[in-house]
Amino acid sequence: MLLSPVQPGWAQGISLIRDAEIESYIRAYSTPIWNAAGLNPEAVEIHLVNDKSLNAFVAGGQRIFVFTGLLLAARDPSEVIGVLAHETGHITGGHLARFQDGLKGASTISIISMVLGAAAMAAGAADAGAAILTSGGEFATRSFLSYSRTQEASADQAGLQYLTQAGMSARGLISFFEYLGDQEALLTKNKDPYVRSHPLTQQRVTSLRTNAEKSPYWNRPTDPVYIEMLARIKAKLHGFLTHPRRVFTMYPIRDKSRHALYARSIAYHREGLLEKSVEEIDILLSRYPSDPYYWELKGQVLFESGKVDEALEPYRRAVMYASKEPLLRVSLAQVLLSNDNVELAPEAVKHLDIANRQEPDNSFSWFQLAKAHTLLENNAMAALASAEHAALTGRARDTMKQAHYARENLEEDTPPWYRAQDLYLLARNAMEDSYRKRGKKMPPMPGDPKEGEKDEESDPENKSDEDIAIEEPEAASLNLLELPHHSHSH
Ligand SMILES: [Zn+2]
């Protein structure tokens, strides 16, 4: 659902995609590796970057950013898995990538917070009617981070070890590196983003190969289940991101395979051909009646074509067949709430509560919950959900305002009341820090003991301070995003 058909004209910025299906396959690829690495798979986050270049990197601790270009170019899942193993090596090695030229003056922390902010906003991007979101221009340098050669060698070594422990061959990792090497000479300054962020030399590839060939699993073929997953990922990404005319060439009408039907159905949808799109999905659903993602697509196509009522049942089925996917519940809730029908609001609240427990940092989900509670006239709960939404989108002042309203109107000593208190104090501390760091006194804030009418805009001392508007939410978003929320069980 959050894989938007919008083709962004983004020469600048990072754009992220949310898609339950693709994320779940990448998790399936990674889980054996993370287990081998001693990482808790639930603590690692996967972010999909909508970008044609071959790239992947780690930022902000345990967050792996995977580019769609890498997924589309992979000739076998073992290539993706190899890269994931290598990136995991950067996580366990605690490697901090350094900035390359081109981002002078930008501090590591502000870039990381920008990436995280973009990630959080992408989760809530349907806010703006599209899943794709572009952050500030400074992030434009696609290969802004890079690792040292020592770190690369250590990540290679670790990746290799994890693959072997997981019983997988490192063939894919090496064939991916060799493929990059064929693109351009390794020793010259390579323009490929992956090579820029992960410096690659012939010596590195050779030594990796020598070690990899010693693995008892070197010749082990790729699991057919993984191959199927990559074919689905490609069909879906092409359907949404490649020009429809090219999609119909790659997946011609005579091809009735499931992947061709999938890709074409999406391409027809992008062309505005609702009937043809649904025709293809219905063939898929008659063959695979319990596939959650085919149901999700049917729901999305109908919903985006304005058939709100008809979209409900497909989304309900999607949730039924993939009950552990919070994103599907959020999509269903969005459809339930889209006509402001009070009668459907309790069902939406039920799904959003489950989704928010599973994935508490999806800001769009909190936004929807606020909407549902507003419809039901639960104003205090609506304010609490709005506070969560504000916190996740880095708006400290709004967080304070909403959390203050919630704590004043919720029953004391209940879990939501405590949560409102926590959010209020968190936002207030973030705000105070931000002012203190710049040697300024914090102006009156919502919820102050004696709250005045005046705010920062009318305060003459701050009026000329141009950077407040920028720095305030950034500082706040960093702190708020690092907040250990509830349990993160997705
Ligand atoms: Zn690397």
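Student: In E4, which residue is the bridge partner of Val 49?
Tutor: In this predicted model, strand E2 covers residues 45–49 and strand E4 covers residues 63–67. The two strands pair in the parallel sense over 5 bridges. In E4, the bridge partner of Val 49 is Phe 67.

Student: What is the order of the 4 strands in the open sheet?
Tutor: The pairing in this sheet is mixed. Strand E1 (16–17) and strand E3 (56–59) each pair on one side only, as edge strands. The order is therefore read from one edge strand to the other, with pairing as defined by at least two bridges: E1-E2-E4-E3.

Student: Which strands does helix H3 touch, and what angle does its direction make with that of E3?
Tutor: Helix H1 (residues 20–36) lies across E2 and E4, running at about 125° to E2. Helix H3 (residues 77–92) packs on the sheet as well. H3 touches E3 and E4, and its direction makes an angle with that of E3 of about 25°.

Student: Which helix gives the most residues to the largest nonpolar core?
Tutor: This core holds 117 residues, and those touching the most other members are Ala 56, Val 66, Leu 70, Val 80, Ala 387 and Ala 427. The core draws at least three residues from each of domain 1 (16–223) and domain 2 (225–409). In soluble globular proteins, nonpolar side chains tend to be buried together. The most, 9 residues, come from H18.

Student: Leaving aside neighbours within four places in sequence, with which residues is Ala 387 in contact?
Tutor: Ala 387 is one of the core residues that touch the most other members. Once its neighbours within four places in sequence are set aside, its contacts are Thr 399, Gln 402, Ala 403, Ala 406, Ala 420 and Leu 423.

Student: Is Glu 377 buried or exposed?
Tutor: Glu 377 lies in the loop between helix H17 (363–375) and helix H18 (379–392). A residue counts as exposed if 12 or fewer other C-beta atoms lie within 10 Å of its own. Because Glu 377 has 10 such atoms within 10 Å, this residue is exposed.

Student: What is the phi of Asp 413?
Tutor: Most residues other than glycine have a negative phi. Asp 413, in the loop between helix H19 (396–409) and helix H20 (415–437), counts as exposed, with 7 C-beta neighbours inside 10 Å. Its phi is positive, as is that of Glu 377, which is near 60°; for Asp 413 the value is near 65°.

Definitions and conventions
Residues are numbered from 1 along each chain as its sequence is written. This is a predicted model: local features need pLDDT of at least 70, side-chain atom pairs count only at pLDDT 80 or more; totals for chains, interfaces and linings use all residues. A residue is buried if 20 or more other C-beta atoms lie within 10 Å of its own, exposed if 12 or fewer, and partly exposed in between; C-beta atoms are placed from the backbone. A nonpolar core is a set of buried Ala, Val, Leu, Ile, Met, Phe, Trp, Tyr and Cys residues joined through C-beta atoms within 7 Å. Domain bounds come from an automatic or database domain assignment. Two residues are in contact if their C-beta atoms, placed from the backbone, lie within 7 Å. Axes are lines fitted to C-alpha atoms, for helices over the stretch in contact, and angles run from 0 to 180 degrees between N-to-C directions.
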